[in-house]
Amino acid sequence: MKNLNLKIAALSVMIIGIMSCITEESESFPDPGIDRQHLEVMTRMGFDISTIVELDDYYLVEGDIALYKTDISQYLDMADIATRQYRTINLVSAANVKNIAVASTWMGTGAGPLNIEWVNALKEAVSHWNSIPGCNIYMSYVGTLGGDIYIEPFSLIHPQPAPGVLAEASWPSGGNPGRSIYFLQDADSNHKQKVWTMVHELGHCIGFRHTNWAQIGETSGTVGAVYIPGTPAGTDSKSVMNGNAGNTSWDGFSSYDIIAAQTIYPSEDVKVTITGPLIVDRGIYDYQVSGLTDIKGSLTWHGVEDRDIAYLNADGTKARITFRSAGQYTLTVTGTTVNGSSITSSGLTVQVNDGRGRDYGNL
C-alpha cells in the first residue's frame, strides 16, 4: 500500500505508479451518481476509476489517492492531462534556490576538466535560468570548487550508462539541488545544442521532470511526478524539459516552462539591513548592506540629497553619506534582483549632532 498524504494542495496531484491514458470506459461503470465529467477527467489523468469512492469533497481512487472535486473542476475544459508539466516530490528549499553554486568538475574523480566550449555553454545555461522573471531561481558559476552542483564528463569512473545517453542529472534531496550532472563531452553538438543540454540538466537538478515523461514511457517512481498548477493541457514541443530530445538547439524557454518555474519557485521580496554609525556629528560616514549576491544593476540609497551619496562599489551595497546639517535622517535602499524581486530595507535612523565630525572641513 502506498503511503500518500490525502490532503493534496489545490490543483496539485501526486501520481504514484505508471501514468497511462485510458480512452475507454470499463464495462463495470462506477456509481452512476458520480459526475460523468469528473470521471472522464480522472481517466484522462491516468487513474483507474473502477473502484472509485465518492466522499464529501473528494474522490478516493486506487485505494489511497484523494482527488479533490474543486481541483478536478479546473480540468474540465482541458483536453489532455497527461502532457502537462511535472516536478519531483522533493524541491530545492526557498533559501537554497536563491543561491545555487554551479561548478564544472567533480573533485577527486580524475575525469578531467570541461573543455572551453562546454564551460561557455554551462555559463550561458546558468544565465538563462537566472533570467526567468518573477522567479526565485538564482545560480552562479563558481569555477571548479565550491559547487552545490558539479558538472563532469562521463569517464571510466562514471561511464556513459548506455549508448546514446547524452547526459544525466541527479534530483534534489534534503532541500538541496541535485548534486551532479554527467554528460558526454565528445558529443557532436554545436553551441546551441550544448546550451540546451545544460539548461535541461540543471532543470532536473532543481526538480523538473520531463514534460513528456508519460509519453516516453517513464514512471513516476520514487521521485514522484507532481502536476505543476498553471501549466495548460496539450503537448509542449518547445519545452526545454522534454525527454528524448538530445541535440535540440536552445531557442529559449517555452511559455509553459516559465509558468512552471514561476509556480514552483515564485519570487519573494528581499528585505535587507543597513549597517553603520547611528549617532554622528556633521560629516562623511560609510554605510553598507551585506548578504546580497543577485542584484540587477545597483541599489539606490535614499534619505539625503543625491549629491550627498557617493557609491563605493558597482552594486551599490556600500555608500558614503554626507550629513551637512544637524538633525535626524532615515536611510533606506531599494533595488531589484536579477529575477525581478523587489529589494527594500528597514529604515536606519541616524542622529546627526551639530558638531564637526569626519571630513567636516571638506563639506
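Reader: Which strands does helix α4 lie across, and at about what angle does it run to β6?

Author: Happy to start there, bearing in mind that this is a predicted model. Helix α4 covers residues 116–130. It lies across β5, β6, β7 (149–153) and β9 (180–183), and its angle to β6 is about 160°.

Reader: And which strands does helix α5 touch, and what angle does its direction make with that of β8?

Author: Helix α5, residues 191–205, packs on the sheet as well. Its contacts are with β5, β6, β7, β8 and β9, and its direction makes about 25° with that of β8.

Reader: Nice. In what order do the strands of that open sheet come, and which are the edge strands?

Author: Five strands form the open sheet, with mixed pairing, in the order β6-β5-β7-β9-β8. From one strand to the next, the twist averages 20°. Pairing on one side only marks the edge strands, which are β6 (139–141) and β8 (167–169).

Reader: What is the bridge partner of A101 in β6?

Author: A101 falls within strand β5, which spans residues 100–103. Strands β5 and β6 pair in the parallel sense over three bridges. In β6, the partner of A101 is S140.

Reader: Let's move to T337. Is it buried or exposed?

Author: T337 sits in the loop between β17 (327–336) and β18 (342–345). Leaving aside residues up to four places away in sequence, it touches V270, D294, I295, K296 and I343. Its relative accessibility is 2%, and the cut-off for buried is under 20%, so T337 counts as buried.

Definitions and conventions. Residues are numbered from 1 along each chain as its sequence is written. This is a predicted model: local features need pLDDT of at least 70, side-chain atom pairs count only at pLDDT 80 or more; totals for chains, interfaces and linings use all residues. Side-chain values use heavy atoms; hydrogens and water are left out. Two strands pair if DSSP finds at least two bridges between them. Helices (H or I, at least four residues) and strands (E, at least two) are DSSP runs, numbered from the N terminus. Axes are lines fitted to C-alpha atoms, for helices over the stretch in contact, and angles run from 0 to 180 degrees between N-to-C directions. Contact means heavy atoms within 4.5 Å. Buried means under 20% relative accessible area, exposed over 50%, partly exposed in between (1.4 Å probe, protein chains only).
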